[in-house]
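Visitor: I would like a close look at one part of this structure. Please show me how its helices and strands pack together.

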Amino acid sequence: MQVHRKTVDPCFMKSVNHATTVIPSMKPRYSYSAGSPIPHGVHLHKGGVNFSLFSRHATRVWLLLFEDVHASKPFQVIELDSQHHKTGDMWHICVLGAGRNLVYAFRVDGPFAPEQGHRFDSTKMLLDPYATALATPLQWNFAGFSPHAKPTALADSERENPVAAKNLVTGNGFDWEDDRPLYHPWSSLVIYETHVRGLTVHPSSGVRSPGSYLGLIEKISYFKRIGITAVELMPLQEFNPNEVTAVNPLTRERLRNYWGYNTIAFFAPFEGYGSRLYPGCQVDEFKTMVKALHKAGIEVLLDVVFNHTAEGDETGPTLNFRGLDNSIYYLLEDDKSRYKNFSGCGNTMNCNHPVVRNYILDCLRYWVVEMHVDGFRFDLASILGRDRNGHLVANAPLLEQIAEDPILRDVKLIAEAWDAGGAYLVGRFPGERWSEWNGQYRDDVRRYWRGDLGTAGAFASRLCGSADLYEHSGKATVNSINFVTCHDGFTLNDLVSYEYKHNLANGEENRDGSNDNHSANYGVEGPTDDPIINRIRLRQMKNFIATLFVSRGVPMILGGDEFCRTQLGNNNAYCQDNEISWYDWRLLARNQEFFEFVRNMIAFRARHPVLSSERFYRPEDVSWFNPSGQVPDWHSESAVGCRIYAEKEGGQDLCLLFNPLTYATNFVLPDLPHDSAWLRVIDTSAAPPFDICRPGDGIPFGGNSSIRIEERSMIVLLAERNR
């Protein structure tokens with residue numbers, strides 16, 4: 001089979017063949033030595049900067065050096081001689097006298113044979129997969145890096161020299177002071193999922209550095225006020241927000257990649273969340289944010305996207321992996337010119353190839369050791385368990401290595417245990433160390449409070465820690481990350497305000513996003529002035545939050561839900577970098593009642609450790625009953641209650657009563673000793689301060705043996721000795 005090569009610009013080849021500069025420069029050219037193949041990536045040492053780059057099938061490699069981050073052409077190009085600068089599959093060089101802030105890129109040549117899986121193109125300037133910082137253009141058009149760019153898509157100058165990101169050498173001189181990992185036990189975690197930019201970019205945020213790492217620091221006192229112990233940050237490894245070319249059909253505004261689930265450089269924090277005061281400042285500012293959060297006792301969890309990259313399918317741009325060794329880094333179809341697409345984003349990383357596996361492990365270690373993060377949430381994590389043919393395998397090497405790696409041994413690991421290829425591993429994700437986003441919890445709790453028949457049994461299982469999902473494999477309650485809402489779907493306010501998704505602003509004719517939301521609008525689609533409907537919606541939001549914080553497992557709330565943030569019914573706002581997604585902090589004052597309820601529910605959970613125990617309930621720990629006090633008929637009854645017995649001597653029993661019906665009902669209360677009484681401490685149908693009472697302010701029932709619970713509400717009772 002004939003192997004074809006892309007045509008290479010003769011001026012470029014002349015420059016690289018003679019090791020001459022491409023542009024005139026007053027800056028002296030660097031001398032260099034053979035360098036070392038280890039460690040991989042770029043590393044500073046006394047003599048200069050060592051580069052080590054993997055490519056098994058490359059035939060030629062050039063290192064490009066730039067005067068500064070603004071330069072469009074290199075001032076020095078060095079070809080790596082394969083006899084002196086190659087060991088095995090590693091190409092390496094040491095640039096003598098160079099140091100921090102050196103700007104660089106690579107060009108790599110080899111066979112262009114898509115039918116064999118090879119897509120080398122020496123005309124493309126490539127990013128370093130190990131780059132710890134990028135210098136990115138404010139307007140970065142991927143079209144110039146795509147093999148299928150339309151001639152009309154770019155100006156002539158852009159086609160000849162498309163604006164490109166470059167790699168930046170960073171140092172490790174940051175003063176961490178005495179910062180150490182927090183190692184919070186899972187049972188103490190309250191996770192707040194948030195977007196770095198969206199949290200503070202709205203003018204109402206009142207921060208000095210909106211939409212940035214530094215801006216997030218200004219909200220730490222707010223996190224402390226709520227009771228948050230961990231923030232889970234949506235993707236912040238380098239991505240291109242301008243890669244989306246669609247427009248909002250309603251406003252004609254250009255859409256953007258807001259969420260960031262299309263990673264370009266896995267070691268590099270996103271420059272757009274930095275101040276851009278100086279090249280590489282995003283690294284220092286990210287570290288400053290982590291240090292400040294740790295000082296406040298808040299852990300930092302990163303949402304990482306190792307399942308695919310921003311290079312997309314065969315029509316996508318060549319940025320790094322495709323141009324370095326396409327057949328190694330990606331899962332390919334039998335027709336190797338096409339990509340397997342278990343991610344739904346065009347390509348799938350070949351995660352269990354030894355080279356890719358080591359790369360991912362190196363990346364995780366870097367974020368833990370150098371950036372001090374406390375854990376990771378792995379997007380579409382079931383892909384990490386697929387082999388080179390795309391099959392799910394037991395004891396997948398990558399998953400096992402991450403769990404057993406000695407450096408990662410104490411970090412928190414959270415899996416999104418499904419993917420776009422049909423895998424759904426909730427309750428079956430391999431390895432006891434892995435916790436999981438419990439999608440079953442979300443769906444069962446939503447359906448129960450919506451009033452779906454036959455859901456009480458599943459609801460009870462979720463509230464008790466989902467033993468039916470996790471106990472059989474030796475896992476514990478804290479392997480379940482419980483949530484009602486997350487970034488992917490409706491906000492909590494929208495969950496009770498919209499029956500259908502409203503995604504027209506995404507430019508996909510409302511085809512995108514889930515159709516299966518288990519939501520309800522209670523009479524009107526969207527906002528309304530009807531006080532009866534708004535009262536029902538508020539009560540349902542309280543039901544969801546109260547359920548979340550009395551459930552065993554690790555609770556996670558979506559940022560802004562605590563003050564009723566809305567996305568106007570958009571359940572897939574990935575491209576909405578605007579007020580649809582931004583946190584409008586004016587809502588905090590408008591919805592103070594609900595905010596206080598959320599804050600007090602978190603405090604209530606902390607006061608009653610029986611709710612957050614890391615073991616499953618035993619039969620003697622909890623008893624379920626129907627309104628008559630009998631064993632429930634799980635198939636036909638909806639209103640149910642349970643008594644939770646205190647784990648320790650001197651503890652207080654709890655009684656939880658749930659009524660998702662559209663009418664009130666009476667519950668017979670469990671018996672207590674004569675010297676004790678039930679106190680009503682939470683009632684989602686009551687107005688403040690009786691919706692959740694302050695410690696010591698519970699409402700006693702005296703000798704009453706039953707209690708009325710209003711429609712669509714829940715009550716929590718606390719057993720207390722008579723004084």
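Guide: Here is a walk from the whole chain to the barrel, and then to two pairs of helices.

Keep in mind that this is a predicted model. The chain holds 16 helices and 30 strands. Its C-alpha atoms fill a box of roughly 95 × 50 × 50 Å along the principal axes. A compact globule of 723 residues would have a radius of gyration near 27 Å, and the chain has 28 Å, so the two agree.

Now find the barrel. Eight strands close into it. Follow them in the order S13-S14-S17-S18-S19-S20-S21-S22. Their pairing is parallel. From one strand to the next, the twist averages 30°.

Stop at one pair of neighbours. Strand S21 covers residues 480-482, and strand S22 covers residues 554-558. These two run parallel, and two bridges join them. Look for Ile481: Val554 in S22 stands opposite. A helix also packs on the sheet: H6, residues 281-295. H6 touches strand S14 (230-233) and strand S17 (299-304). The direction of H6 makes about 135° with that of S17.

Next come the helix pairs. Start with H8, residues 354-369, and H9, residues 397-404. They pack at an angle of about 25°, and their axes are 10 Å apart. Angles under 35 degrees count as roughly parallel, and therefore H8 and H9 are roughly parallel to each other. H8 passes H9 in a right-handed crossing. On the H8 side, the contact uses Arg357, Ile360, Leu361 and Leu364. On the H9 side, look for Pro397, Leu398, Gln401 and Ile402. By class, six residues of this contact are nonpolar, one is polar and one is charged.

Now move along to H10, residues 439-450, and H11, residues 456-463. Their packing angle is about 130°, with the axes 9 Å apart. That angle makes H10 oblique to H11. The crossing of H10 past H11 is left-handed. From H10, the residues in contact are Gln440, Tyr441, Asp444, Val445, Tyr448 and Trp449. They meet Ala456, Ala458, Phe459 and Arg462 in H11. Sorted by class, the contact of H10 with H11 has seven nonpolar residues, one polar and two charged.

Put the two pairs side by side. H8 and H9 cross right-handed, whereas H10 and H11 cross left-handed.

Technical notes: Residues are numbered from 1 along each chain as its sequence is written. This is a predicted model: local features need pLDDT of at least 70, side-chain atom pairs count only at pLDDT 80 or more; totals for chains, interfaces and linings use all residues. Side-chain values use heavy atoms; hydrogens and water are left out. Axes are lines fitted to C-alpha atoms, for helices over the stretch in contact, and angles run from 0 to 180 degrees between N-to-C directions. Helices (H or I, at least four residues) and strands (E, at least two) are DSSP runs, numbered from the N terminus. Angles under 35 degrees count as roughly parallel, over 145 as roughly antiparallel, 65 to 115 as roughly perpendicular and the rest as oblique. A crossing is left-handed if the near helix is turned anticlockwise from the far one by less than a right angle, and right-handed if clockwise. Contact means heavy atoms within 4.5 Å. Ala, Val, Leu, Ile, Met, Phe, Trp, Tyr, Cys and Pro count as nonpolar, Asp, Glu, Lys and Arg as charged, and the others, Gly among them, as polar. Two strands pair if DSSP finds at least two bridges between them. The radius of gyration is taken over C-alpha atoms; the globule rule is 2.2 Å times the number of residues to the power 0.38.
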